[in-house]
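Subject: Model for your files

Hello,

Here is the structure I said I would pass on. My notes follow below it.

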Amino acid sequence: MSKVTDIYGSMVFNEHTMRERLPKATYKQLMRTIKEGAPLDEDVANVVAHAMKEWAIEKGATHYTHWFQPLTGITSEKHDSFIDPTDDGLTIMTFSGKELIQGEPDASSFPSGGLRATFEARGYTAWDPTSYAFIKDEVLCIPTAFCSYTGEALDKKTPLLRSMKAIDVQARRVLALFGDDSSERVTTTLGAEQEYFLISEKDYEQRMDLMICGRTLFGYSPCKGQELEEHYFGAIRPTVNNFMKELDDELWKLGVSARTKHNEVAPAQHELAPIFAETNRGVDENLLTMEKMRLLASHYGLVCLQHEKPFEFINGSGKHNNWSIAVGGKNLLDPGENPMENLRFLVFLTCVIEAVDEYQELLRMSAASAGNDHRLGANEAPPAIVSMFLGDELGAIVDALVDDHDYTSAERVSMDLGVDVLPNFIKDNTDRNRTSPFAFTGNKFEFRMPGSAQNLSDANMVLNTAMAKSLKGFADQMEGKEGEAFEAAAIDYIKRTLTDHARIIFNGDGYAHEWEEEAARRGLANHRTTADALPCMVDQKSIDLFAEFGVLTETELRSRYEVKLEKYNKIMNIECRTMKRLVRRDYLPAINRYAAKLAHGITAIKEVLPDGDTSFMEEKLRRLVAGAAEINIQLEKLHGLHRASVDIADQQERANMNAHEIVPVMDALRHAVDEMEIIVEREAWPVPTYNEILFYA
Ligand code: ADP
Ligand code: MG
């Protein structure tokens, strides 16, 4: 057993390795690029590439790859070996600065939303030096951004980096008003809590719906769900524990700071949370975590399910996006110790509230996917309405600011809200509202809408850009003011802005039906499905926002909207096809076979015992036959709608049909099949049931 401190980061070309391996001058220049965004020239790149290659080869690497995140959301890699054969039949191993900085994958098969015609397939990848290179399975992976030759972003990372730049610029303006003129970059931080399921390979292989769609399209509710609350934080069973141990080891080698692991609420559900990192690295690390989870599960005869809703009737999986802003290790969402820090905190808090309210639809959009539609709005996940929870203490402070009355703390000390006596309030960590989609948790916000399968770049890109916009609003109005005049103007700004956006704050039960009505009265958006959530992407307001901060051009935004629509429609198409095929070829035949068997049984019994009472068997037979007929009706209905949907050329129209007409029929078909599952004899049912899948040994 090697010590954690020895293996941690051993496969990462991190700052420590760079300092050790690079000539001093090169190291300094690279650090300036990483920390301050200074451009990197090719000479420096050559030196870095050489050192990286030597290091990688020592660690057993034979190939390198530009590791990037196309709009599919998952990561892509194409491996190139370092070999460079010599005339004498041997080879040397080479890797140049140019190869480090730029790559040219043949990218014709990645989604681009019409940005890149296939005949003009070339895109290029560009090194992101702020994300460390690492070695995975003997391949040196270089985190890169992926763009078209005309400069449009074709990936998830580029706009995320641009949004981090935007928030950096605007936050520095705000900090300067507080007398903080440091040259350090302001960054956002991300801690992604990854939920997942582990099931046995044996069961998985018999469930075509899981294999193709990542979720079960059928399945009667298990006899036991999560109601005994025995799984959450329960003792981890040995196989799973061994899996988690290897996962930790592998992640630690990659410098991924896996920290917390536990059983989640639903049976067979688990969670891993890392220590937070700068957002772009946080996203990279989360993607690596997901990949390692999938791969390593197979070592234990397990399959890792990362779909948002693999099983109906029990909780689905989310990916809580813990988000904050920091400068030089100082968390700007920390209420701080003294009045000035309090005021700075209140400014940042106010800006977050404004950003979330103004761009609530974009935030909802960022978490929209076919998979997450089964989760958002169901009774275990945040509703599809974006609202914010601040906790009792902070909520009371905001109320006091909005209503312009004195703030009384929990200890009943009355305080004036003049700036020099702003309450030095304690972190409100106790009262967590689990039903809130966007909750303040002491010194960060937790955005809970994103789904377990998603790439968090979108959510953070929206959040950062919206935040940059509100910080800019503040800086624009305050610049030029100093001392007490600044403080008074800032307090006034806070009060006005909080008043304007108070509607987004909701401390009650987000699952309650009354909240939906109340939210409607407040004018909050409630986009229940992906089809409803996506169109806001191309609203003028969104186009203006992303253009103003150079995060996405209108063309890029429109292409992303297309890609998301297409992906949604493709997934719906796959699910429809899988559903129809399984019903026709597995479920209906099984039900019919069993019905025939029962019918023969009844006839046989009647022959032997002409006056025996077989009415209960006949009743069951009647239910089976009626059930099969109902399945057939729903199947034909689905078939008709599905056929009609694939002919719709307009992707939004097709998405609307999927969300509003097809999904209800899929639900009805599923329900009809599930009703038969519990009356057909176990042996005759063609697939493992929820009972078996969720409660494996
Ligand atoms: P929970 O009770 O929700 O599990 P934790 O305090 O354990 O709360 O944090 C959950 C996640 O939030 C972890 O991944 C953690 O690293 C992350 N986190 C903590 N502080 C920050 C921060 N300042 N910025 C971003 N993420 C953070
Ligand atoms: Mg949490």
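I start with Asn286, which lies in helix α10 (residues 279–297). Please keep in mind throughout that this is a predicted model. Asn286 counts as buried because it has 25 C-beta neighbours inside 10 Å, and 20 or more are needed for that label. Leaving aside neighbours within four places in sequence, the residues in contact with Asn286 are Ala192, Gln194 and Leu456. Leu598 is a long way off by either count: 312 residues separate Asn286 from Leu598 in sequence, and their C-alpha atoms are 52 Å apart in space.

Domains

The domain assignment of the protein divides it into domain 1 (4–155), domain 2 (164–552) and domain 3 (567–694). Taken over C-alpha atoms, the centres of domain 2 and domain 3 are separated by 39 Å. Where these two domains meet, 24 residues of domain 2 are in contact with 26 residues of domain 3. On the domain 2 side, α8 (208–213) and α17 (530–533) each supply at least two of the residues that touch domain 3. Of the elements on that side, α8 gives the most, with four residues. By class, the domain 2 side has 15 nonpolar, five polar and four charged residues.

Ligand 1

There are 14 residues around ligand 1, and those that come nearest are Thr189, Gly191, Phe276, Asn322 and Ser324. Three elements give two or more residues to this shell: β10, β12 (269–274) and β15 (319–327). Strand β10 has the largest share, four residues. The shell is made up of six nonpolar, six polar and two charged residues.

Strands

Strand β10 (residues 186–200) also pairs with β14; the two run antiparallel and are joined by four bridges. Within that pair, Ile199 stands opposite Val303. In a regular strand, side chains alternate between the two faces of the sheet. Which residues of β14 (residues 302–305) are buried on each side? Leu302 and Cys304 are buried on one side, and Val303 and Leu305 are buried on the other, so that both faces of the strand are covered.

Strand β2 (residues 63–67) is mostly covered, with four of its five residues buried. This strand has two partners to look at. With strand β3 (residues 80–81), β2 runs antiparallel and shares two bridges; here the bridge partner of His63 is Ser81. With strand β9 (residues 139–148), β2 runs parallel and shares five bridges; in this pair Trp67 stands opposite Pro143.

Core

The largest nonpolar core has 184 residues, and the members that touch the most others are Met52 and Leu669. Helix α19 (residues 554–608) gives the most to this core, with 15 residues. Not counting residues up to four places away in sequence, Met52 touches Phe13, Phe95, Leu100, Ala133 and Leu140.

Two residues with positive phi

Asp137 and Ala268 are worth a separate entry. Asp137 is not a glycine, yet has a positive phi of about 50°. Asp137 lies in the loop between β8 (133–136) and β9. Is Asp137 buried or exposed? With 11 other C-beta atoms within 10 Å, Asp137 is exposed, as the label applies at 12 or fewer.

Ala268 is likewise not a glycine and has a positive phi of about 70°. The place of Ala268 is the loop between β11 (258–263) and β12, and β12 is one of the elements that give residues to the shell around ligand 1. Ala268 is buried, because 23 other C-beta atoms lie within 10 Å.

Glu15

Last, a residue in helix α2 (residues 15–21): Glu15. With 15 other C-beta atoms within 10 Å, Glu15 is partly exposed; that count falls between the limits of 12 or fewer for exposed and 20 or more for buried. Glu15 and Tyr27 are 12 residues apart along the chain, and their C-alpha atoms are separated by 8.9 Å.

Regards

How values were computed. Residues are numbered from 1 along each chain as its sequence is written. Chains are lettered from A and ligands numbered from 1 in the order in which they are written. This is a predicted model: local features need pLDDT of at least 70, side-chain atom pairs count only at pLDDT 80 or more; totals for chains, interfaces and linings use all residues. Two strands pair if DSSP finds at least two bridges between them. Domain bounds come from an automatic or database domain assignment. Two residues are in contact if their C-beta atoms, placed from the backbone, lie within 7 Å. Ala, Val, Leu, Ile, Met, Phe, Trp, Tyr, Cys and Pro count as nonpolar, Asp, Glu, Lys and Arg as charged, and the others, Gly among them, as polar. A residue is near a molecule or strand if its C-beta atom, placed from the backbone, lies within 6 Å of it. A nonpolar core is a set of buried Ala, Val, Leu, Ile, Met, Phe, Trp, Tyr and Cys residues joined through C-beta atoms within 7 Å.
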